[in-house]
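Trainee: Please show me the model, and then let me ask how each label on it is earned.

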Amino acid sequence: MRTVVIVGAGPAGMLAARQAAQAGAKVILLEKNERLGKKLVITGKGRCNVTNDADAGTLVKNIPGNGRFLYSAFAAFGSQDLQHFLQDHGVVLKVERGNRVFPQSDRSFDVVDGLRLALERSNVEVRLRSHVSELLQEQGRVAGLVVNEQPLYCDAVVICTGGASYPATGSTGDGYRLAAAVGHTIVPPRPALVPLETKEEWPKTLPGLALKNVQLAILQGDRTLFKEFGEMLFTHYGISGPIVLSASRFVTHGKGSQPFIASINLKPALTEEQLDQRLQRDLTKYQRKEIKNALDELLPKRLIPIVINAAGLEVDKPVHQITRGERQALLLALTDLRLEISGPRPLTEAIVTAGGVSTKEIDPKTMQSKLVPGLYFAGEVIDVDGYTGGFNLQAAFSTGYLAGQSAAQQ
Ligand SMILES: Cc1cc2nc3c(=O)[nH]c(=O)nc-3n(C[C@H](O)[C@H](O)[C@H](O)COP(=O)(O)OP(=O)(O)OC[C@H]3O[C@@H](n4cnc5c(N)ncnc54)[C@H](O)[C@@H]3O)c2cc1C
């Protein structure tokens, strides 16, 4: 019987372990933390957006970082397979807006419990508090690894150590060092799906203010790099939230010396004409007030002075003195409120790490290293990164499945 050792008990590692055991191997799952899936439980704000209810082609399209490398993995274990697998292990699922799949309970812990059950049913030996520091090779093949400073010999190793973001969860980039030490190229890790810092100070005065149903565009010179509807929020350093995370790739992967500008349309559901009518109605209704007290029906209170300033007006200007030109300036501030991006937040705060073990050195049909036989990779340690919406977890589960299956059989 082949012995397969899996390093890291995140989603990729747990699926790899379960699948290798199902395929007939003796499996040991090593995790340096004191529990399984420490990052998994914080995903989706504790609700775990476990996958996207989509076919392989759509999954690939939503993984801008080397999505095509994942075709075989998605064919082997796609979104439907994952959903059936989880339901078979007691996790009832629901599909929300944008085909995002969550546990019915809104509890990510239920997903971890389902995976734990799968490991138990497959007789995987789980060893917690087990830190892997080195790979052992014999005649160019993997022969084992060093765990808690002791050698452990085996036939195959699957590295599922994750990326280098949110390091408190255990994803500290160890897999990059393990892979590099046996000759793998590591594409430099960098933040993906990351909040953005702004040059302007005003977002920092509105921490926690969330804007729903707005449109965010990222502009550079006369080019629009990104445009999407959704939710965003202001923070003590700039902007965050789902559409900002999606937009961040265009900043982190951007080229050119011109600055990146975030343009926020606060009223994207209205045409310019409709918004103008709406504004005129409010200005007529509140003509005896100052402008700062006339926009409550259009904007969150804390945002009102910001929009007025952006339009070049004084906040205490009486409404009846507002000229047609000033109304036009207000309209512009409502539909094109601009911020200059000074840069992304650091890698440690990114939802996902771009970069990692080069896909060129991994066989996409098996996830085996092309350099070191017996060595496999799965999950975020590979140079793959997707958008929000469940695509990153699906990539981790699918590559974990394929790596576990192949490691048990080859
Ligand atoms: C706040 C947040 C929210 C997110 N929400 C979502 C979401 O809703 N949907 C989605 O699709 N994606 C989401 N993601 C991304 C997703 O969590 C990751 O892409 C996914 O967890 C990667 O899985 P993985 O198994 O490759 O690595 P990880 O989940 O990072 O697991 C790696 C494991 O390896 C262990 N390990 C590392 N080094 C060693 C070592 N030397 N020895 C032993 N063990 C080791 C670590 O302790 C860890 O448990 C989110 C990420 C964050 C940070």
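Trainee: Which residue of strand 5 is the bridge partner of V95?

Mentor: In strand 5, V95 has V101 as its bridge partner. This is a predicted model: local features need pLDDT of at least 70 and side-chain atom pairs count only at pLDDT 80 or more, while totals for chains, interfaces and linings use all residues. Residues are numbered from 1 along each chain as its sequence is written, and side-chain values use heavy atoms, with hydrogens and water left out.

Trainee: What makes strand 4 and strand 5 a pair?

Mentor: Two strands pair if DSSP finds at least two bridges between them. Strand 4 and strand 5 (residues 100-103) share 4 bridges in the antiparallel sense, so they meet the requirement of at least two. They belong to an open sheet of 3 strands, in the order 3-5-4 with antiparallel pairing. Its edge strands are strand 3 (51-52) and strand 4 (93-96), each of which pairs on one side only.

Trainee: Why is strand 3, at 51-52, called a strand?

Mentor: Strands are DSSP runs of E with at least two residues, and helices are runs of H or I with at least four, all numbered from the N terminus. The run 51-52 of strand 3 therefore satisfies the rule of at least two. By that rule the chain comes to 11 helices and 19 strands.

Trainee: Which strands pair with strand 10, and in what sense?

Mentor: Strand 1 (residues 3-7) pairs with strand 10 in the parallel sense over 4 bridges, and I6 stands opposite V158 there. Strand 19 (residues 375-377) also runs parallel to strand 10, joined by 3 bridges; on that side the partner of V158 is Y376.

Trainee: Which way do the side chains of strand 10 point?

Mentor: In strand 10 (residues 156-159), A156 and V158 point one way, V157 and I159 the other, and all are buried. That fits a general pattern: in a regular strand the side chains alternate between the two faces of the sheet.

Trainee: Why is V372 buried or exposed?

Mentor: Buried means under 20% relative accessible area, exposed over 50%, and partly exposed in between, with a 1.4 Å probe and protein chains only. V372 is at 2% relative accessibility, so it counts as buried. V372 lies in the loop between strand 18 (352-357) and strand 19. Of the 410 residues of the chain, 55% count as buried.

Trainee: What does V372 touch?

Mentor: Contact means heavy atoms within 4.5 Å. Leaving out residues up to four places away in sequence, V372 touches Q137, G140, R141, V142 and V182. Its C-alpha is 8.6 Å from that of Q137, though the two are 235 residues apart in sequence. Among contacts in the chain between residues at least 6 apart in sequence, 72% join residues at least 24 apart.

Trainee: What is notable about phi at C48 and E149?

Mentor: Most residues other than glycine have a negative phi. C48 has a positive phi of about 60 degrees although it is not a glycine, and phi of E149 is near 65 degrees, again positive. C48 sits in the loop between strand 2 and strand 3, while E149 is in the loop between strand 8 (141-147) and strand 9 (150-153). At 0% relative accessibility C48 is buried, whereas E149, at 71%, is exposed.

Trainee: How do you know that helix 11 has the span expected of a helix?

Mentor: The expected span is 1.5 Å times one less than the number of residues. Helix 11 (residues 391-409) has 19 residues, so it should span 27 Å; its end C-alpha atoms are 27 Å apart, which agrees.

Trainee: Why are helix 11 and helix 7 described as largely enclosed?

Mentor: In helix 11, 17 of the 19 residues are buried, so the rest of the structure largely encloses it. The same conclusion holds for helix 7 (residues 242-252), because 8 of its 11 residues are buried. They are I243, V244, L245, S246, A247, S248, R249 and V251.
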